[in-house]
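Let's take a walk through this one together, starting with the overall picture and then zooming in on a few helices and loops.

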Amino acid sequence: MHDHHYLVLSGIGLAYGRCPNAASESLRLSLLALNARHAGDGGAATPALGRYATGTLANWTDGMTLLSARQLERLHPGALVFAAIRDPVTRLAACYARDFDMGCNAPASSRFLGFRKGMSFDAFAAWVCGISDRKSPNAFRGQADILLHKGRLLPDHLIRFESRQADWAALRDKVKAKNGIDIGPLLEADNTSEPEIAAVAASLAPSLRKTVKQRFRRDYELLLRQDAPR
């Protein structure tokens, strides 16, 4: 599933490009609420499972059937595509906290890459920077590498984690103008883990911060580009 990133809410004409550890819980809850109101087949949605056109939103991974960029363009050529992106250092901190259990463990799927139990965040970030996007799990693969297709950025709109309320509001305007549907405001969610993740990110050694910026330079270009879709 290395190149399958897109879920579709066909009843809204909307597709979401998933970069793991880049989106907020608010976004998942908002997509669940949208799906509950707009079933893709015209019938009732299944709130208990949170089903959407290509899988389930029960959480970000369980039971998901995601489309590749090629499949998305072939099956849903008219979809308005959006994605969430995040500062790479903070995204690595989220990955370290959530997927690597704050250094206490390493997922079985990543151990073959040399990650070890008990790694500090500095050691984790340094190790990630030595792995190319081609070999990286999507959990910390470059966001630009995930979202670029045939040399171009596939999403029409980016929601930056750091300005998600404003960027969601802009997406709301786009969807209403294109499809006549109001997707509503971005829902509130439990953000209690964010201060901890921010503290982990802030602890990164300055020299390693520079290394991360070099490793994920294309991600920083996405965040900083004035002409990036919004």
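The protein has 10 helices and nine strands, taken as DSSP runs (H or I of at least four residues for helices, E of at least two for strands) and numbered from the N terminus. Keep in mind that this is a predicted model, where local features need pLDDT of at least 70 and side-chain atom pairs count only at pLDDT 80 or more, while totals for chains, interfaces and linings use all residues. Residues are numbered from 1 along each chain as its sequence is written, and side-chain values use heavy atoms, with hydrogens and water left out.

Of the 230 residues of the protein, 50% count as buried; here buried means under 20% relative accessible area, exposed means over 50%, and partly exposed is in between (1.4 Å probe, protein chains only). The accessible surface comes to about 10,800 Å², and 53% of that belongs to carbon and sulfur atoms; the areas come from the Shrake-Rupley method with a 1.4 Å probe, and for residues only the protein chains shown count as cover. Now for the contacts, meaning heavy atoms within 4.5 Å: among those between residues at least 6 apart in sequence, 73% join residues at least 24 apart.

A good place to zoom in is helix α3, residues 88–98. It's mostly covered, with 10 of its 11 residues buried; among them are Pro-88, Thr-90, Arg-91 and Ala-94. What do the buried residues of α3 pack against? The partners are α5, α6 (143–147), α8, α9 and α10 (217–224).

Take α5 (residues 121–129) from that list: α3 and α5 pack at an angle of about 115°, with their axes 11 Å apart. Axes here are lines fitted to C-alpha atoms, for helices over the stretch in contact, and angles run from 0 to 180 degrees between N-to-C directions. The two helices are therefore roughly perpendicular to each other, on a scale where under 35 degrees is roughly parallel, over 145 roughly antiparallel, 65 to 115 roughly perpendicular and the rest oblique. From the α3 side, Val-89, Leu-92, Ala-93, Cys-95 and Tyr-96 meet Phe-121, Phe-124, Ala-125 and Val-128 of α5. The residues of this contact divide into nine nonpolar, no polar and no charged (Ala, Val, Leu, Ile, Met, Phe, Trp, Tyr, Cys and Pro count as nonpolar, Asp, Glu, Lys and Arg as charged, and the others, Gly among them, as polar).

Next, follow α5 over to α9 (residues 206–215), where the angle is about 30° and the axes are 10 Å apart. That makes α5 roughly parallel to α9. Asp-122, Ala-125, Ala-126, Val-128 and Cys-129 in α5 meet Leu-208, Thr-211, Val-212 and Arg-215 in α9. This contact divides into six nonpolar residues, one polar and two charged.

Just along the chain, Ala-205 is found in the loop between α8 (194–202) and α9, and is partly exposed at 22% relative accessible area. The C-alpha atoms of Ala-205 and Ala-125 are separated by 9.9 Å, with the two positions 80 residues apart along the chain.

Finally, two loop residues deserve a look at their backbone. Most residues other than glycine have a negative phi. Met-102, in the loop between α3 and α4 (108–111), has a positive phi of about 55° and is partly exposed at 33% relative accessibility. Lys-150 has a positive phi near 55° too, sits in the loop between β7 (148–149) and β8 (152–153), and counts as exposed at 71%.
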